[in-house]
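Me: I'd like a close look at one part of this model rather than a tour of the whole thing. Could you pick a spot and follow it through to whatever it touches?

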Amino acid sequence: MSPVNASQDGQDTPESRVGPEPEGRPDFSQYHHPAAGWGAAKSVTRFMVRERELLDGPRAILKMNHEKGGFDCPGCAWPDDLKGLHLDICENGIKHVTWEMTRKRVGREFFARHSVSELSQWSDFALEDQGRLTEPMSYDPESDHYVPISWKEAFELVGRTLRELDSPNQASFYTSGRLGNEATFLYQLWAREFGTNNLPDCSNMCHEASGRALQASLGTGKGTCDLADWESTDALFIMGVNAASNAPRMLTALAEAYDRGAQVVHINPLVEAAATRTIIPHDFKDMALNKATRTSTLNLQVRIGGDMAFLRGIAKAVLEQSTSDPKALDREFIDRHTEGFDAYRELCEATPWDEIERQSALSRDDILKAARVYRDADRSIISWCLGVTQHEHGVDTVREIVNVLLLRGNLGREGAGPSPVRGHSNVQGNRTCGIDHRPSDTFLDRLAEACEIDPPRAHGLDTVGTIEAMRRGDVRVFVGMGGNFALAAPDTPYTYEALRTCELTVQVSTKLNRSHLVHGRRALILPCLGRTEKDQQRGGLQSTSVEDSMSMVHLSVGMKRPASKQLLSEPAIIAGMARATLPDSATPWEWYVEDYDRVRDSMAQVIDGFEDCNRRVRLPLGFRIKQPARELVFLTGSGRAEFSAAPLPDVIPEPGTLALGTMRSHDQWNTTIYSDNDRYRGIKNLRTLVFLNQDDMRERGIAEFDPVDITSTARDGSKRGLKGYLAVPYDIPRGCAAGYMPEMNVLCAIGDHSTQSDQPIMKHVKVTVTPST
């Protein structure tokens, strides 16, 4: 049965395929092998052969993530190895780079052969598989084709359309995480000089909850740990993350922690491959002997949304232990550096164990095991990803993480602290360098002084707000720097309608994707350099800086000749659009592009922590942005780290419903799909599936690979659905279900976003699953 989407009014509409055509029949078998190791090596080799990159692929491996003269992996944001390891790489990073370096090209001849209507029927895999975009293109509504346009004409179209708007707030400027810091700074400068803070980004869909929670608790929107802390901690708690696919280089840290005797506790509804064993590919001895290292000492399968209850259980256990063992708490730290402890203690005491067990789906004994690990460790790190944040109560949960850390003084010292795992290469740098729809007055004051502009002060639109405003007609121009907005956003049909309402959509991209086909009345595709390519400007070969998930900022320099002579760098494209929009601007846009050191000099004046950045970024491994909370300086209202006292949310599904969380497959990076396989979960030739608990399947009369219909119910009572998905039995708590994004994004209504963070609740969608009719 071919899967289809059901639109909000219940009418079925064909669903475009995301992945490639399956190579065979769907198959499922439990994965019992170590993560990475020979499986990763074989997968990478097959991928390079398929992409015909047997020369540049291995060459890229030797240049990626190097501290001198290399380029930063355009995949995840895991920090570079502190020892300058020359093979600080992973399977997904190599695939990502090889996918970018493809020899395939998409130029004017391709667009002349294929109309937008035709391309709209292609799978998303097929679109990206056509190769690199080579020249700017403009949508021609009369022929329904993209046609060539010069860079000058493209910039003029953007500038003229923006100037003709009734208000700057009728435009929105989106960015994905791969944009470098220099382009990011110029992008926000353009938007703010134009007159708007409509600067949504992918953080609005991913880690917004983390930033808001950490800001409220500690006065900083980032984690306080660095990689040296991971290498010295006594206990690691890894929550809501599939590290083997989302941050594969973390496997090295997990294996090394286990080897030195640290405790490693994984908390996730699914026991992922990264939570079992691994063979690190650059450990040649272990590879030769096929010797695996464990990556966990304890695995706890929490209910979807039950992480906060689990954390409350740890806190309650530590507080109970403190009545007989005063050393269970760090009272000196609590008294000197925190606010609100007494209220939090009363809340924990008033929370009964049976409620903690019910909400977490964990037994008291299991929670106490984790609590003993935490209590016995001198230094602990708690790390988390989207499994914690993409919920209604994501902010409260991250604040509960901080609560637990504060109880034993796990802050401001080596080997301890909160450590969010950012997913995309420079998503944290985007926020640092100004992509923020709610900028601080301090940032705007510095920007005004350094760049001699008068930036707007009113908050702008985030991602969900932008989609809703486009749908109403209040936002008429959408500019997207990288990414695949149409496919990444929630409520896919609603997002499509919103984009098509725009007067102009502009996509700055490296490859063809769905967002080029779901466009406004006028549309531009502006092709840019990739991370692997040399960026030559008047001042010579340029480098860009990026920030990893632990606040290290370092340089990236491309190694390859650009895929086309017509490609421009992202700073050059931004500067071209800015000059056309603001022809009388005193901002030296062209001068900035000649030499990115000039951009960094301006950044040093505006961004806290970037002082003297042109010198410091050229040091080995770059520099780390100072974190006040790491030094026990808390920029909160009280001047202290603040305990929160939020009640536990009720996350138990109503009778007959399930809590569904969306996730990536292994052979996928964000919306880019490399194959229909998910090696670490034992899936072959299938993406249109739903993972279910076997008892939940029996209760519904569903057998393995039976076709099922999945229906979500939004807060406003509207329904959305997927039909003909195949049921796969999996080790997941009762009442929980899981499946792949972006296919399942259709199930998350645009209005179903957290009231705490405004993030779409992609990890907690209320669904029913029934046999297909």
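Reply: Let's come in through Asn204: setting aside its neighbours within four places in sequence, Asn204 is in contact with Arg431, His437, Asp462, Thr463, Asp758, Gln759 and Pro760. Keep in mind that this is a predicted model. Asn204 itself belongs to the loop that runs between helix 8 (181-194) and helix 9 (208-218). Its relative accessible area is 2%, and since the cut-off for buried is under 20%, Asn204 counts as buried. There's a polar contact close by in sequence too: a polar atom of the Asn204 side chain sits 3.0 Å from the backbone nitrogen of Asp201.

Two names on that contact list, Asp462 and Thr463, take us to helix 23, which spans residues 463-472. Asp462 is the N-terminal cap of helix 23, with a side-chain oxygen 3.5 Å from the backbone nitrogen of Val464. Just after the other end of helix 23 comes Gly473, which has a positive phi, near 90°.

What about the helix in between? Helix 23 is mostly covered, with 7 of its 10 residues buried. Those are Thr463, Val464, Gly465, Thr466, Ile467, Ala469 and Met470, so Thr463, one of the Asn204 contacts, is on the buried list as well. As for what they pack against, the buried residues of helix 23 meet strand 9 (171-175), strand 18 (477-481), helix 24 (485-488) and helix 25.

Helix 25 is the partner to zoom in on. It covers residues 492-501, and its axis lies 7 Å from that of helix 23, at an angle of about 60°. That angle is below the 65 degrees where roughly perpendicular begins and not under 35, so the two helices are oblique to each other. As for handedness, helix 23 passes helix 25 in a left-handed crossing. On the helix 23 side the contact is made by Ile467, Glu468, Met470 and Arg471, while helix 25 brings in Tyr494, Thr495, Glu497, Ala498, Leu499 and Thr501. Sorted by class, that gives 5 nonpolar, 2 polar and 3 charged residues. Ile467 and Met470 take part in this contact and are also among the buried residues of helix 23.

Conventions:
Residues numbered from 1 in each chain as written. Predicted model: local features only at pLDDT ≥ 70, side-chain atom pairs only at ≥ 80, totals over all residues. Heavy atoms only, no water. Axes fitted to C-alpha atoms, helices over the stretch in contact; angles between N-to-C directions. Helix = DSSP H or I, 4+ residues; strand = E, 2+ residues; numbered from the N terminus. Parallel < 35°, antiparallel > 145°, perpendicular 65-115°, else oblique. Left-handed = near helix turned anticlockwise from the far one by under 90°. Contact = heavy atoms within 4.5 Å. Nonpolar A, V, L, I, M, F, W, Y, C, P; charged D, E, K, R; others polar. Buried < 20%, exposed > 50% of the residue type's maximum accessible area, 1.4 Å probe, protein only. Polar contact = N/O pair within 3.5 Å; in protein donor to acceptor, adjacent residues only side chain to side chain.
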